[in-house]
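Biologist: I would like a close look at the nonpolar core of this model, with the residues that make it up and what surrounds them. Could you take me through that part slowly, as for someone new to structures?

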Amino acid sequence: EADMGSHLRQFHSNQRLVQRSGVIPGVVMALDKALNTFILKHTAYQGIRNAVLAVGGPGVPPGTGEEFIFKDVAMAMANALLEFSYSPDNAAEIVRARGIDCMPGLLAAHIHDPTVFLGLELLWNCLEAGSPGHRLGPIHNSTTEAMARFMSRLLVSFLDHGFKSTDKHSRNEVLLMLMLMMEEPGFRRELCATGVVPHLVAIATTPEVAGSHPLVKPFLLTTEAEEFEMRQLAWTCLTSMCHEAGCRAEAVQGGLLNAMLMYVDVEILGGQGEQSAVVQRWTPSQLRSLQDVALGQTCRLAAMDPDTFLQFGGPDTLLQLVSYENDAALLEAALKVLQSCAAAPALRDKLGRGGMLPTAL
C-alpha cells in the first residue's frame with residue numbers, strides 16, 4: 001500500500017509538471033505534422049509502387065519506406081499525449097490544443113495497427129474528461145466528418161474480422177465512443193451518412209428478426225460477455241441515431257423496434273407456453289438486463305415517433321406485459337414507459353382504450 005501511495009503521488013506530481021510546462025500544445029503540433037507528412041508521403045509512394053507493378057516492375061521504387069520514420073515520430077508523440085491524458089486536466093488541455101484534429105489520422109489504419117489502439121484510448125480519455133454536449137469543444141466540420149467516417153470504418157472492420165477477444169473489446173469501445181460522440185454537434189448527422197446504419201441494424205436485429213444476416217458473422221452470434229454487451233450498445237447507439245429521420249426509417253424498417261419488443265413480449269417470454277429460443281439462449285440475468293435496455297430504448301423511440309410505435313403494436317405489447325408480469329422491477333420499468341408514452345395524444349388514446357388505467361392500478 002505504501003508503494004502504491006508513492007506511485008500515485010509521483011503520478012500526480014508528474015502530471016502537474018506537464019500541465020505547468022505548457023508542453024502539450026507543442027506535442028499536439030508535432031503529432032499533427034508527423035501524421036500529415038507520413039500520410040502524404042505514404043500515399044505518394046503507394047501510387048508509385050502501384051504504377052511500377054502495373055508495368056511489370058518489382059514495385060520497390062527509390063525512397064520506399066522512408067515515410068515510416070514520420071510514422072514512428074507520430075507514434076512517439078501520440079504515446080506522450082496518451083500518458084498525459086490519464087490526468088483529466090491534461091486531457092482537457094489536449095482538447096483545447098485541438099488534439100482531436102489528429103484523431104482521424106490515428107484511426108485511419110488497419111484495426112490491428114498500434115496507432116488505432118493509441119487513438120482509441122486517447123480519444124476515450126478526452127471524452128471522459130469533457131462535459132456532456134461539449135466533450136471535445138468546438139470541432140471543425142472536416143474533423144467531424146473524418147471522425148465519423150474512420151470510426152464507422154473501424155466498427156465495420158471489427159464486425160467483419162474482429163473474432164479475437166481483444167478485437168471484440170475494441171469493437172465495443174468504438175460503439176461506446178460513437179454514442180458519446182453523438183452528443184457533439186453535427187456528429188450524428190455525419191455518422192448516418194457513412195453507410196454504417198445497415199451494419200448496426202444487422203447486429204441489433206439478428207437472430208431476433210432473421211435467423212441469419214449476410215452482414216453478421218457467426219462469431220457475433222454467441223452469448224459471451226462481449227456479444228451480450230455489443231447487443232445493448234448496438235440498440236442504444238442505433239436508437240440515438242434515430243433522431244435523424246432517414247436513419248430512423250431505415251432502422252425501424254430493418255426490425256429494430258421489433259427486435260427490442262420481442263424481449264418484453266409475453267408470448268415470446270413463455271408467459272402462455274414455452275419460451276422462444278431467441279430469448280431462451282440468454283441466462284436469466286442477461287435476459288433481465290436486455291429487457292431493461294429494450295424498455296429504455298423503446299421508450300426513446302416511442303417519444304421520437306409515436307405513430308410508428310403504435311403501428312408496430314408497442315402499446316399492446318407493453319399492456320400485455322404489465323398484465324402478466326410478476327417481477328416488480330420489470331413491471332415498474334414497463335409502467336414508466338407507458339406513462340411516458342401517454343404524453344403523446346395518439347398513444348394516450350390507444351392506452352386508454354387498451355385499459356392502461358385499470359392495468360396500472
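Modeller: What follows is a walk through the core, then the cysteines, and then two points in the loops. Please keep in mind that this is a predicted model, and that each value here is computed from it.

The largest nonpolar core holds 107 residues, and the residues with the most contacts inside this core are Leu123, Leu238 and Met241. Helix H7, which runs over residues 141-161, gives the most to this core, with ten residues. As a general background, nonpolar side chains in soluble globular proteins tend to be buried together. If we take Leu123 and leave aside its neighbours within four places in sequence, Leu123 is in contact with Ile100, Met103 and Leu136, and also with Met147, Met151, Met177 and Met181.

Turning to the cysteines, Cys102 is buried at a relative accessible area of 2%, and Cys242 is buried too, with a value of 0%. The closest cysteine sulfur to that of Cys242 belongs to Cys247 and lies 4.8 Å away, which is too far for a bond, and the count of disulfides in the model comes to zero.

Two backbone details sit in loops. Arg98, in the loop between helix H4 (88-96) and helix H5 (103-107), has a positive phi of about 65 degrees although it is not a glycine, and Arg98 counts as partly exposed at 30% relative accessibility. Pro207, in the loop between helix H10 (197-205) and helix H11 (225-241), follows a cis peptide bond from Thr206, with omega near 10 degrees.

Definitions and conventions. Residues are numbered from 1 along each chain as its sequence is written. This is a predicted model: local features need pLDDT of at least 70, side-chain atom pairs count only at pLDDT 80 or more; totals for chains, interfaces and linings use all residues. Side-chain values use heavy atoms; hydrogens and water are left out. A nonpolar core is a set of buried Ala, Val, Leu, Ile, Met, Phe, Trp, Tyr and Cys residues joined through side-chain atoms within 4.5 Å. Buried means under 20% relative accessible area, exposed over 50%, partly exposed in between (1.4 Å probe, protein chains only). Helices (H or I, at least four residues) and strands (E, at least two) are DSSP runs, numbered from the N terminus. Contact means heavy atoms within 4.5 Å. A disulfide is a pair of cysteine sulfur atoms within 2.5 Å.
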